[in-house]
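Reader: I would like to learn how to read salt bridges and strand pairs in a model. Please take me through one.

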Amino acid sequence: MKFGIATFVTDEGIRPGPLGAALEERGFDALFLAEHSHIPASRESPYPGGEELPRIYYRTLDPFVALTAAAAATQNLLVATGIALVPQRDVIHLANEAASLDVVSGGRAQLGVGVGWNREEMRNHGVDPKTRGAKMAEQLAALKEIWTKEQAEFHGKYVNFDPIFAWPKPVQRPHLPIYIGGESPAALDRLAKYGDGWLPRAQTTAAELNRVRQWLADQGRDVPFTIFGAGRDQAALDGFAEGGVERVTLLLRTRPESETLAELDELAELANKNR
């Protein structure tokens with residue numbers, strides 16, 4: 001298995017350039033960055049972690065800006081969103097941002113996507129939480145049109161535009177990979193229809209990984225799996241290997257630079273034992 005890092009880059013932790021360089025020096029192959037544009041103060045939506053929401057959730061740097069800095073400081077590191085909250089983004093701007101990251105990184109970008117969980121955050125972006133999945137499905141289809149067509153157009157219920165010119169196009173062909181986050185039936189349906197890879201969370205078992213792989217095969221699909229935000233439990237890592245995942249991203253806490261580098265040394269040792 002390959003090993004990468006999943007983390008939140010904020011104004012209070014290590015900067016993305018030094019982080020990217022440190023990952024590449026230690027043999028990690030990818031950096032996946034989370035995003036939240038903001039967190040509403042009302043806090044009506046419960047945090048999925050089941051405890052008080054960590055402050056990193058409302059201090060994240062824009063992932064495309066942070067990943068550009070990481071790409072500039074590295075040669076081979078894959079730079080990815082984990083995850084971009086697509087329903088909250090304008091799809092034409094998103095197409096431009098992701099393709100631009102692919103260009104400036106020399107074809108090292110990956111787009112991890114998801115519908116999100118914070119309903120108040122969505123509403124502040126004008127998104128109806130009940131239709132966010134349907135909207136993202138159209139957005140993913142529209143992204144591929146924009147990235148692969150000289151004149152792209154799309155006409156759906158949530159995304160609608162007449163022919164446009166939109167450059168840059170991604171370096172990777174036909175486009176940078178789209179990794180679908182989530183394990184629900186709706187997420188898996190999006191994976192089968194639009195995904196170039198699957199980004200399940202760390203609680204996903206080997207049995208479920210193998211089930212989904214067979215389910216995809218029955219539909220003529222074969223895509224790589226990357227585990228998002230894994231801990232240090234050896235049994236879980238063994239399960240990911242048993243499930244045939246391509247990559248495991250280990251969860252890195254958001255800390256100042258010196259503390260981050262020390263933790264990365266520990267995580268690199270763990271990764272080396274499991275490659």
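**Salt bridges and a hairpin**

Author: Start with one pair: Arg232 and Glu263 join their side chains in a salt bridge, 3.6 Å from N to O. The model is a predicted one. The two residues come from distant parts of the chain, 31 residues apart: Arg232 sits in the loop between β9 (226–230) and α8 (234–242), and Glu263 in helix α9 (residues 257–274).

Reader: Is Arg232 buried, exposed or partly exposed?

Author: The general idea is a cut-off on relative accessible area: under 20% is buried, over 50% is exposed, and anything in between is partly exposed. Arg232 has 43%, so this residue counts as partly exposed. Glu263 has 5% and is therefore buried.

Reader: How many salt bridges are there by this rule?

Author: A pair counts when a side-chain nitrogen of Lys or Arg lies within 4 Å of a carboxyl oxygen of Asp or Glu. The count by this rule is 19. One of them is between the side chains of Arg247 and Asp29, with 3.0 Å from N to O.

Reader: Which parts does the pair of Arg247 and Asp29 tie together?

Author: Look up the element that holds each residue. Arg247 is in strand β10 (residues 247–251) and Asp29 is in the loop between α1 (16–25) and β2 (30–33), so the salt bridge ties together parts 218 residues apart in sequence. Arg247 and Asp29 are both buried. The two also belong to a network of salt bridges that links Lys2, Asp29, Glu246 and Arg247.

Reader: What are the closest N and O atoms of Arg89 and Glu35 apart?

Author: Those atoms are 2.9 Å apart, and Arg89 forms a salt bridge with Glu35. Here too distant parts of the chain are linked: Arg89 is in the loop between β3 (78–85) and α3 (91–104), while Glu35 is in the loop between β2 and α2 (63–72), 54 residues away. Arg89 and Glu35 are buried.

Reader: Now the strands. Which residues of β5 are on the covered face, and which on the uncovered one?

Author: Read a strand by its two faces. In β5 (residues 152–155), Ala152 and Phe154 make up the covered face, and Glu153 and His155 the uncovered one.

Reader: How many bridges join β5 to β6, and do the strands run parallel or antiparallel?

Author: There are three bridges, and β5 runs antiparallel to β6 (residues 160–164). Across the pair, His155 is opposite Asn160 of β6. The two strands make a hairpin, with four residues between β5 and β6.

Technical notes: Residues are numbered from 1 along each chain as its sequence is written. This is a predicted model: local features need pLDDT of at least 70, side-chain atom pairs count only at pLDDT 80 or more; totals for chains, interfaces and linings use all residues. Side-chain values use heavy atoms; hydrogens and water are left out. Buried means under 20% relative accessible area, exposed over 50%, partly exposed in between (1.4 Å probe, protein chains only). Two strands pair if DSSP finds at least two bridges between them.
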